Structures are given as C-alpha cells and as structure tokens.
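User: Got a minute to walk through a model with me? I'd like short answers.

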Amino acid sequence: MRVDIITLFPELCRAPLDESMMGRAQEAGALDLHLYNLRDWTSDRHHVVDDAPFGGGQGMVMKPEAIFAAVESLRTVTTSSVVLMTPQGRRFTQSVAREYAAKEHLIVVCGHYEGVDHRVIEHLVDAEISIGDYVLTNGAIAAVVFIDAIVRLLPGVLGHEQSSADDSFSSGLLEGPQYTRPAEFRGWKVPEVLLSGHHAEIAAWRKREAERRTRENRPDLLA
Ligand code: ADE
C-alpha cells in the first residue's frame with residue numbers, strides 16, 4: 001500500500017512510522033510511505049499556509065491553495081483515496097481500518113490550527129476521519145494512529161495471521177486477560193485453567209472473561 005502524508009510536521013510522523021512493526025512493514029514492501037511538507041506547495045516568499053477566518057472568530061484557518069496543489073500532484077484519479085484528519089470526521093474504528101486496508105493508495109491530509117477551508121472538504125477530499133472525540137493540536141498525530149491501525153492489517157505485516165483476527169473489536173468484544181511467566185508473581189497466581197492444558201475449557205474461560213471485561217469497561221459494545 002502506498003501512503004502519502006501531507007503535513008506541516010513530517011518529522012512528527014517519521015519516527016513512529018519508521019519504528020518497530022511499521023518500519024518492518026516498509027522494509028518488507030507492504031508499506032510504501034512518503035511524508036511531505038505542505039509548505040513545499042506554497043508559492044509566496046513566507047510559505048504561508050493559514051489565514052484569519054472570514055466572518056471573524058478565534059484562531060487561524062488553513063488556506064486551500066497549497067492543499068489542493070499537493071493532493072492534485074500526488075493523486076491518481078482511479079486508485080487514490082484522499083482523507084482529511086479532523087475531529088469533525090467520521091469516527092475511526094477497527095471496521096473502518098479494515099475498509100481502508102483494502103485500498104491501494106491513501107493520501108492523508110493533516111489539519112492544523114482551528115480548521116481547514118471548507119472547499120477542501122467539499123471539493124477535494126473523499127472522506128474526513130476523526131480518531132476519537134477529543135481535539136489534538138494537529139492532525140499529524142491522528143494520521144500516525146490511522147496509518148498504524150491500517151498497516152498492521154495488511155497481509156504479512158503481523159507475525160501470525162491469526163493475531164489480528166483475535167484483536168479486541170474484531171469479534172465485537174474486548175480481548176480477555178493474558179498472562180505469561182512467572183505462574184506466581186508477588187503471591188498473585190495465574191488462573192489455574194490456563195495451566196491445565198484443557199483447550200476447550202481455556203477457550204470457554206477466555207470467552208467468559210472477554211464478555212466480563214466488555215461489560216465492565218465498554219457496555220456500549222454489547223448494547
Ligand atoms: N485533529 C485534531 N484532533 C483530531 C482527531 N480527534 N481526529 C483526527 N484529527 C484530529
């Protein structure tokens with residue numbers, strides 16, 4: 001999958017997407033990542049990307065010209081999906097991640113300041129995505145979250161193909177508790193059933209615990 005991120009802070013995206021599993025996804029060729037600085041598409045001497053809102057109000061709004069120029073220079077009309085990261089977007093979930101994991105080419109535009117000129121939303125991007133009901137200082141952080149969740153679903157990126165099928169949310173429930181050695185730590189013992197070797201009982205225990213955890217932490221998922 002090719003991913004182009006357009007942001008005022010390419011370095012903010014670089015470190016998290018070059019590390020660990022995302023780094024290996026790039027080395028393996030599953031992720032072809034390109035980071036771009038929006039200011040490279042400005043044509044004025046001061047590389048201005050924002051201005052005061054028409055009608056007045058607090059803060060600054062991102063101007064449309066450089067965003068249109070950047071996306072138009074990177075987009076291939078048939079295969080590219082253009083996404084704007086914004087708290088006003090469609091809420092990002094595991095099923096939205098699966099939807100985007102099927103795309104060939106993502107162009108991710110990161111918002112900043114108080115917002116983005118609405119003509120970008122009306123006439124340029126295919127979708128607006130929010131990673132949750134809170135406001136970050138800029139969309140680059142949201143873009144890293146968005147891309148990480150998508151890329152780990154691509155074939156060959158996780159060690160075990162099974163591991164993303166077992167994730168929280170894939171089944172509609174949170175993942176149940178996990179334990180590893182030592183079997184006793186500070187007097188706290190690992191549940192006996194997990195040491196029993198009874199696969200059916202272990203599976204039943206895990207299901208019960210997953211349901212319990214979901215009921216306690218995320219009752220909205222069961223409703
Ligand atoms: N930019 C600022 N906050 C955001 C959020 N919650 N999701 C996506 N982009 C954002």
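User: Where is Ser81 found?

Analyst: Ser81 is found in strand β5. Strands are DSSP E runs of at least two residues, helices are H or I runs of at least four, and both are numbered from the N terminus. A caveat: this is a predicted model, so local features need pLDDT of at least 70, side-chain atom pairs count only at pLDDT 80 or more, and totals for chains, interfaces and linings use all residues. Residues are numbered from 1 along each chain as its sequence is written, and side-chain values use heavy atoms, with hydrogens and water left out.

User: Is Ser81 buried or exposed?

Analyst: Buried, with a relative accessible area of 10%. Buried means under 20% relative accessible area, exposed means over 50%, and partly exposed is in between (1.4 Å probe, protein chains only).

User: What does Ser81 touch?

Analyst: Tyr100, Lys103, His105, Leu106, Ile107 and Asp126, not counting residues up to four places away in sequence. Contact here means heavy atoms within 4.5 Å.

User: Tyr100 is in helix α4, right? Which residues of α4 are buried?

Analyst: Helix α4 covers residues 94–101, and Gln94, Val96, Ala97, Tyr100 and Ala101 are buried there. They sit on the same side of α4, because they cover an arc of only 155 degrees around the axis. That arc is taken from the directions from the helix axis to the C-beta atoms.

User: What do they pack against?

Analyst: The buried residues of α4 pack against β5 (80–91), β6 (105–110), β8 (127–130) and α6.

User: Now the core. Which residues of the largest nonpolar core touch the most other members?

Analyst: Ile5 and Phe146, out of 36 residues in that core. Helix α6 (residues 139–151) gives the most to this core, with nine residues. A nonpolar core is a set of buried Ala, Val, Leu, Ile, Met, Phe, Trp, Tyr and Cys residues joined through side-chain atoms within 4.5 Å.

User: What is Ile5 in contact with?

Analyst: Beyond its neighbours within four places in sequence, Ile5 contacts ten residues' worth of partners listed here: Cys13, Leu17, Leu33, His34, Leu35, Tyr36, Val108, Cys110, Ala143 and Ile147. Another core, of 21 residues, lies apart from the one with Ile5. Val49, Val82, Val120 and Ile121 are among its members.

User: And Thr7, where does that lie?

Analyst: In strand β1 (residues 2–7). Thr7 counts as buried, at 2% relative accessibility. Its side chain reaches the backbone nitrogen of Phe9 at 2.8 Å.

User: Switching to the ligand. Which residues are around it?

Analyst: Met85, Thr86, Pro87, Ile129, Ser130, Ile131, Gly132, Tyr134, Val135, Leu136, Gly139 and Ala142. The cut-off is a heavy atom within 4 Å.

User: Which backbone atoms do its nitrogens approach?

Analyst: A ligand nitrogen is 3.0 Å from a polar backbone atom of Ile131. For a backbone N or O atom of Gly132, the distance to a ligand nitrogen is 3.1 Å. For a polar backbone atom of Tyr134 it is 2.8 Å. The protein covers 96% of the 260 Å² of accessible area that the ligand has on its own. Those areas come from the Shrake-Rupley method with a 1.4 Å probe.

User: Last one. How far apart are Met21 and Leu158?

Analyst: They are 137 residues apart in sequence and 7.7 Å apart in space, C-alpha to C-alpha. Met21 is in helix α2 (residues 20–27) and counts as partly exposed, at 26% relative accessibility.

How values were computed. A polar contact is a pair of N or O atoms within 3.5 Å; within protein, one must be able to donate a hydrogen and the other to accept it, and residues adjacent in sequence count only if both atoms are side-chain atoms.
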